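Please take a moment to look at the structure shown here, with the sequence beside it, before reading the walk-through that comes after.

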Amino acid sequence: MEGSMMMMMMMKRGVLVMMIVGAALMAEMSLADQRHMVGGSQGWQESVDFDSWASSQTFKVGDQIVFKYDSSLHSVVELSDESSYKNCDIGNSIESKSSGNDAIKLTKSGTRYFACGTIGHCSQGMKVKIKIATGSASSTPSSPSSSSSSSSNSPYSLMGFILTLLPFYALRSM
């Protein structure tokens with residue numbers, strides 16, 4: 001009888017430990033960096049109101065913005081400043097991308113400016129201003145979490161810590 005009670009207590013402890021590990025992992029994963037599909041489900045194209053889309057997002061350091069588009073029609077250029085953005089001056093771009101599926105990591109707080117490199121598209125509204133807040137995870141994701149994240153936000157860092165302590169806890173309860 002005493003053996004079965006002891007076994008029952010050990011099983012309850014095991015279940016409790018697994019619940020704690022699961023809860024910690026879920027909490028940690030909710031802090032993971034986010035991927036924002038520029039333009040939402042419509043992607044990077046002329047018919048999207050990018051000002052409205054961007055204002056509905058919260059961008060943080062570590063997040064990624066992803067431009068999906070038809071590469072035979074569009075491209076993405078990063079502009080250096082607000083003036084270039086307002087005037088659609090794509091001649092002095094910082095960087096240009098044209099794969100049709102471009103992911104850009106937001107590495108520091110501040111504002112970044114992007115426009116379509118196809119002549120006339122920027123002036124027709126195909127441009128977006130991304131305001132990046134200090135921090136390390138988005139509170140309003142537009143798409144599922146990125147599978148890659150910085151080591152300080154990795155769900156595996158907490159999980160690894162818990163799994164390291166688990167054998168010591170198990171030995172103590174025997």
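The paragraphs that follow go through the aromatic rings, then a sheet, and then a polar contact.

Keep in mind from the start that this is a predicted model. A good place to begin is with the aromatic side chains, among which the count comes to five aromatic pairs. One of these pairs is formed by tryptophan 44 and phenylalanine 50, whose ring centres lie 4.8 Å apart and whose planes make an angle of 55 degrees, an arrangement that is described as tilted. Tryptophan 44 has a relative accessibility of 1% and therefore counts as buried, because the cut-off for that word is a relative accessible area under 20%. Phenylalanine 50 is likewise buried, with a relative accessible area of 1%.

Another pair joins phenylalanine 67 and phenylalanine 114, where the ring centres are 5.3 Å apart and the planes stand at 55 degrees, so this pair is tilted. Where do these two residues lie along the chain? Phenylalanine 67 belongs to strand S3, which covers residues 64–68, while phenylalanine 114 belongs to strand S7, which covers residues 110–115, so the pair ties together parts that are 47 residues apart in sequence. Phenylalanine 67 and phenylalanine 114 are both buried. Taken together, Trp44, Phe50, Phe67 and Phe114 form one aromatic cluster.

A ring can also have a charged side chain over it, and here lysine 127 lies over the face of tyrosine 85, at 4.7 Å from the ring centre.

We can now turn to the sheet. Strands of a sheet pair through backbone hydrogen bonds, and they do so either parallel or antiparallel. In this model there is an open sheet of five strands, which follow the order S2-S8-S7-S4-S5 with mixed pairing. Which strands stand at the edges? They are strand S2 (59–60) and strand S5 (95–97), and each has a single partner strand, so one side of each is left without a neighbour in the sheet. For S2, pairing with strand S8 (residues 127–133) is in the parallel sense and runs over two bridges. Within this part of the sheet, lysine 60 stands opposite alanine 133 in S8.

The last stop returns to strand S3, where glutamine 64 has its place. Is glutamine 64 buried or exposed? Its relative accessible area is 13%, and glutamine 64 is therefore buried. The side chain of glutamine 64 also makes a polar contact, at 2.6 Å, with the side chain of arginine 35.

How values were computed:
Residues are numbered from 1 along each chain as its sequence is written. This is a predicted model: local features need pLDDT of at least 70, side-chain atom pairs count only at pLDDT 80 or more; totals for chains, interfaces and linings use all residues. Side-chain values use heavy atoms; hydrogens and water are left out. Rings of Phe, Tyr and Trp (its six-membered ring) pair if their centres lie within 6.5 Å; planes under 30 degrees apart count as stacked, over 60 as edge-to-face and the rest as tilted. Buried means under 20% relative accessible area, exposed over 50%, partly exposed in between (1.4 Å probe, protein chains only). Helices (H or I, at least four residues) and strands (E, at least two) are DSSP runs, numbered from the N terminus. A charge sits over a ring if NZ of Lys or CZ of Arg is within 6 Å of the ring centre and within 35 degrees of the ring normal. Two strands pair if DSSP finds at least two bridges between them. A polar contact is a pair of N or O atoms within 3.5 Å; within protein, one must be able to donate a hydrogen and the other to accept it, and residues adjacent in sequence count only if both atoms are side-chain atoms.
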